[in-house]
Amino acid sequence: MDDRNVILEACGISKRFGGLRALDTVSVAIHRNSVHGIIGPNGAGKTTLFNLITGMLPPDSGHFEIEEKPVKKVRTHQLVSMGVSRTFQNIRLFKGMSVLENVMIGQHVHTPTAVFSIMINGRKSRSAENAAREEALAALDFVGLARNADQDVESLSYGNQRLVEFARALAAKPRILLLDEPAAGMNPTEKQHLLRLIGSLQQKSYTVVLIEHDMKVVMNICSTVSVLDHGKKLAEGRPADIRRHPEVIRAYLGKSDRGHA
């Protein structure tokens with residue numbers, strides 16, 4: 001691919017936790033409007049990479065670039081305003097709140113309302129809230145949960161709770177969407193729905209990076225796959241090539257492509 005089309009790049013990223021090297025000089029280039037899969041065995045460093053990209057952890061060495069501009073010591077909320085949003089391996093929803101309220105939280109970086117206006121519930125505050133509500137409803141409509149907007153989020157099935165988190169990430173209006181095991185806990189029908197949603201995002205010019213255990217999801221939706229093993233990048237390429245890569249088969253897939261990370 002044309003390197004000029006790289007939107008997000010990890011450049012020689014390393015991270016230690018005590019004596020454990022979680023990532024060892026990992027470099028990955030994510031191309032614009034692509035679906036890029038990050039796979040590997042448990043403990044390979046996949047989620048650590050996401051946590052470093054999103055500023056939840058600092059790298060020990062190396063750096064990240066967004067559209068060829070180095071990103072250093074940026075807090076998570078600042079990255080969101082730069083167009084990077086994510087979901088988590090373990091669902092992080094706000095209990096006791098509705099589906100719509102959970103998704104509206106994803107709009108907070110785009111609703112710069114003066115404190116005084118909020119206190120008096122002024123016109124600016126109402127306008128910002130209405131705009132956030134409309135964006136949240138649009139995200140819920142996209143994932144197929146608009147009818148559940150006023151429902152308590154805890155009353156939804158596990159698969160639909162994942163879609164709420166997905167919708168919340170979309171409500172932040174990202175250019176780059178990081179999905180950490182988005183299909184985990186979903187039944188086959190829900191996974192097919194998720195695949196269609198991710199495919200639609202690519203058509204809408206989003207860039208999607210996903211960590212996923214389900215190899216059918218990875219092989220069906222990703223244009224490029226990077227394989228991590230013991231904190232190192234083992235291989236990278238098209239899904240069909242990764243499936244046949246001998247080192248990947250030994251380290252991750254086993255004797256067939258049905259294994260799990």
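Me: In this predicted model, which residue follows H1, and what is the sign of its phi?
Reply: Glycine 55 comes after H1, and its phi is positive, near 75°. As a general idea, most residues other than glycine have a negative phi.

Me: How many residues of helix H1 are buried, and which are they?
Reply: Buried here means under 20% relative accessible area. Seven of the eight residues of H1, which spans residues 46–53, meet that criterion, so the helix is largely enclosed by the rest of the structure. The residues concerned are Lys46, Thr48, Leu49, Phe50, Asn51, Leu52 and Ile53. For the protein chain as a whole, with its 261 residues, 50% count as buried.

Me: Which residues other than glycine have a positive phi, and where do they lie?
Reply: The general idea is again that most residues other than glycine have a negative phi. Lysine 173 has a positive phi of about 55°, and it is found in the loop between H6 and strand S7 (176–180). Serine 205, likewise not a glycine, has a positive phi near 75°, and its place is the loop between H7 and strand S8 (207–211).

Me: Are lysine 173 and serine 205 buried or exposed?
Reply: Lysine 173, at 42% relative accessibility, counts as partly exposed, and serine 205 is partly exposed with a relative accessible area of 47%.

Me: How should I read the arrangement of H6 and H7?
Reply: An angle between axes under 35 degrees counts as roughly parallel. The axes of H6 (residues 158–171) and H7 (residues 188–203) come within 11 Å and cross at roughly 10°, and the two helices are therefore roughly parallel to each other.

Me: Which residues make the contact of H6 with H7, and what are their classes?
Reply: On the H6 side they are Gly159, Asn160, Leu163, Phe166 and Leu170, which meet Glu190, His193, Leu194, Leu197, Ile198 and Leu201 of H7. By class, this contact has seven nonpolar, three polar and one charged residues.

Me: How many aromatic pairs are there, and what lies over the face of phenylalanine 88?
Reply: In general, a pair of aromatic rings is described by the distance of the centres and the angle of the planes. A search of the whole structure finds zero such pairs. The face of phenylalanine 88 has arginine 92 over it, at 3.9 Å from the ring centre.

Me: How many helices and strands does the protein chain have, and what share of its contacts joins residues 24 or more positions apart?
Reply: The protein chain has ten helices and ten strands. Among its contacts with a separation of 6 or more, 69% are between residues 24 or more positions apart.

Note on methods:
Residues are numbered from 1 along each chain as its sequence is written. This is a predicted model: local features need pLDDT of at least 70, side-chain atom pairs count only at pLDDT 80 or more; totals for chains, interfaces and linings use all residues. Side-chain values use heavy atoms; hydrogens and water are left out. Rings of Phe, Tyr and Trp (its six-membered ring) pair if their centres lie within 6.5 Å; planes under 30 degrees apart count as stacked, over 60 as edge-to-face and the rest as tilted. A charge sits over a ring if NZ of Lys or CZ of Arg is within 6 Å of the ring centre and within 35 degrees of the ring normal. Axes are lines fitted to C-alpha atoms, for helices over the stretch in contact, and angles run from 0 to 180 degrees between N-to-C directions. Helices (H or I, at least four residues) and strands (E, at least two) are DSSP runs, numbered from the N terminus. Angles under 35 degrees count as roughly parallel, over 145 as roughly antiparallel, 65 to 115 as roughly perpendicular and the rest as oblique. Contact means heavy atoms within 4.5 Å. Ala, Val, Leu, Ile, Met, Phe, Trp, Tyr, Cys and Pro count as nonpolar, Asp, Glu, Lys and Arg as charged, and the others, Gly among them, as polar. Buried means under 20% relative accessible area, exposed over 50%, partly exposed in between (1.4 Å probe, protein chains only).
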